[in-house]
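Thanks for coming. I'll go through one structure today, with a few residues and two helix pairs. Please have the sequence and the model open.

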Amino acid sequence: MFSNPLIYFVVIPLLMLGGLALCRNIKQIRAVAVTGSLALTALSVWLLVDYLGLRAAGVDAPMLYTGSWSWFTPLNINLSVGVDGISIAMLILSSIILLTGSFASWKIEPHTKDFFLWLILLSTGVFGFFISIDLFTMFMFYEVALIPMYLLIGVWGSGNKNYSAMKLTLMLMGGSAFLMLGLIGIYYHSAPEGQPLTWDLLEIAQNDSISRGWQHFLFPMTFVGFGVLGAMFPFHTWSPDGHASAPTAVSMLHAGVLMKLGGYGCFRVAIYLMPQAANDLAWIFLILTGISVVYGAFSACVQTDLKYINAYSSVSHCGLVLFAILMLNTTAMTGAIMQMLSHGLMTALFFALIGMIYGRTHTRDIRQMGGLMKIMPFLAVCYVIAGMASLGLPGLSGFVAEMTIFVGSFEHADMFHRVFTIVACCSIVITAVYILRVVGKLLFGPVYDEHHLALTDATWWERTSTITLIISVAAIGCFPNFFADLIKFTFSPSIFAVIGMN
């Protein structure tokens, strides 16, 4: 087992949990969190380099680094792992945001040890989810990633944190109930009659034994189950309240990584295993995701709380991910994965900056702030960069991802798809409105409160966090071919023959 490198994406967080339990002071807690996060980042980068080397050498298996170890024989449940280009991209995203979130939580209080214990437990679920190819263990890690959110928001959050934590938990658990029913249904139709049932994702896809009728029944359950976490309309209302009350690092992981489990699951499970239902029912969910894209952008325009602005912006951007996945073609799908990367990084940057500004001004209301460029120029410039990435400035990640999505979506020649693509494109204009409005009000013009002139700019750990995220956002924007090549191996002809896409 331990010869497989993927196992260490779970082992390292578990070792971090053990190390944190033994820590006696805040310096030791920080050391464990940063060291473990650096180890996970280094492991994901090594995995990326080795994966590209294997692909370049001609290895064309759907998943690499596969391994399976029996866990519960009566139900044929195994700890099965494997990754492709999309999985590796998500692992890199998760490790970077965990690392930068650790720096952003440098001064977290109270109960610092307990905070990091729950944060690392959440990360354990995230990493385990992305490496799993057994549906049961995937669902198990999915739940491990969701459960800590209640305490992280309820204990260390701000504002109406108890309401937000309970609302988030109830809605996500409701989505999990739908998902569990869908996965059980897939299991009982995972193999032809007379053959042993399996939870293995690749075996189920190869068996192709789920009838069209059962696909129509199970597809909505799995897509909605994952879509709730992806903030799909009308199941998105937990997201803004949860973001607004969560502490900085939790918001970063929540929007940057946790919401990506929704889009990843919709592709990896719902569409990959039930392609006929995806083709037949995609139009229903395209309408819902199209509403998410436009509704989220309009809602962000009328907010005055920085966190609510970014939270509704996340609803819009995550809606684009699901919108592109449902287009069922290579170009749009590639854009969806790049949008997951782009949004994960830039929204983590936004929430990190909002937390740093709030920690100094003690307000998130843009009506009570102004002239921050004069007071804290480093943080202000970083906020401008994050805003430009969000509205799609060329050279940054948002432009590459959104253009790929819209070009791929417009490949459909029928009126329905093209009209909804045009509607989704309108979100670009709306995004520019609220981003430029906030940048102008927050950063420029007269200083709202003269007492703010005494505020300090970013500390070294805050600069480390923000610069790392900015470099990552710029890397995707400047070198899109590298990330597109990483993703394209997943969309090889052999895979498309299974999932029925073009």
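Before the first residue, one term: a polar contact is a pair of N or O atoms within 3.5 Å, and within protein one must be able to donate a hydrogen and the other to accept it. Keep in mind that this is a predicted model.

Start with S102, in helix 3, which covers residues 85–104. Its side chain makes a polar contact with the side chain of S37, at 3.4 Å. Is S102 buried or exposed? S102 has a relative accessible area of 2%, and buried means under 20%, so S102 is buried. Not counting residues up to four places away in sequence, S102 touches A33, V34, S37 and F116. S37 therefore turns up twice, as polar partner and in the list of residues touched, if you take buried S102 as the centre.

Next, H317. This residue is in helix 14, residues 306–325. Its relative accessibility is 2%, so H317 is buried as well. Which backbone oxygen does the side chain of H317 reach? The backbone oxygen of S313, at 2.9 Å. Leaving aside neighbours within four places in sequence, H317 is in contact with Q339, H343, M346, S390, E402 and Y434.

H343 takes us to a helix pair, since H343 of helix 15 is also part of the contact with helix 12. Helix 12, residues 260–273, and helix 15, residues 330–361, pack at an angle of about 155 degrees, with their axes 10 Å apart. Angles over 145 degrees count as roughly antiparallel, so helix 12 is roughly antiparallel to helix 15. The crossing is left-handed. On the helix 12 side the contact is made by K260, G263, Y264, F267 and I271, and on the helix 15 side by M333, M340, H343 and G344. By class, the residues of this contact divide into 5 nonpolar, 3 polar and 1 charged.

Staying in helix 12, look at A270. With 0% relative accessibility, A270 counts as buried. Apart from neighbours within four places in sequence, A270 is in contact with F219, T222, F223 and G265. For scale, the C-alpha atoms of A270 and L20 are 37 Å apart, with the two positions 250 residues apart along the chain.

F219 and F223 belong to helix 9 and lead to the second pair. Helix 9, residues 212–229, packs with helix 13, residues 275–301, at an angle of about 50 degrees, and the axes are 9 Å apart. The two helices are therefore oblique to each other, and their crossing is right-handed. Helix 9 contributes R212, Q215, H216, F219, P220, F223 and V224, while helix 13 contributes P275, Q276, A277, A278, D280, L281 and F285. That contact has 9 nonpolar, 3 polar and 2 charged residues.

Last, some backbone geometry. Most residues other than glycine have a negative phi, and most peptide bonds are trans. In the loop between helix 9 and helix 10 sits A231, with phi near 60 degrees, a positive value. A231 is buried, at 0% relative accessible area. P234 is in the loop between helix 9 and helix 10 too, and the peptide bond from F233 to P234 is cis, with omega near 5 degrees. N76 lies in the loop between strand 1 and strand 2. Its phi is positive, near 55 degrees, and N76 is partly exposed at 28% relative accessibility.

That's what I have; questions are welcome.

Conventions
Residues are numbered from 1 along each chain as its sequence is written. This is a predicted model: local features need pLDDT of at least 70, side-chain atom pairs count only at pLDDT 80 or more; totals for chains, interfaces and linings use all residues. Side-chain values use heavy atoms; hydrogens and water are left out. Axes are lines fitted to C-alpha atoms, for helices over the stretch in contact, and angles run from 0 to 180 degrees between N-to-C directions. Helices (H or I, at least four residues) and strands (E, at least two) are DSSP runs, numbered from the N terminus. Angles under 35 degrees count as roughly parallel, over 145 as roughly antiparallel, 65 to 115 as roughly perpendicular and the rest as oblique. A crossing is left-handed if the near helix is turned anticlockwise from the far one by less than a right angle, and right-handed if clockwise. Contact means heavy atoms within 4.5 Å. Ala, Val, Leu, Ile, Met, Phe, Trp, Tyr, Cys and Pro count as nonpolar, Asp, Glu, Lys and Arg as charged, and the others, Gly among them, as polar. Buried means under 20% relative accessible area, exposed over 50%, partly exposed in between (1.4 Å probe, protein chains only).
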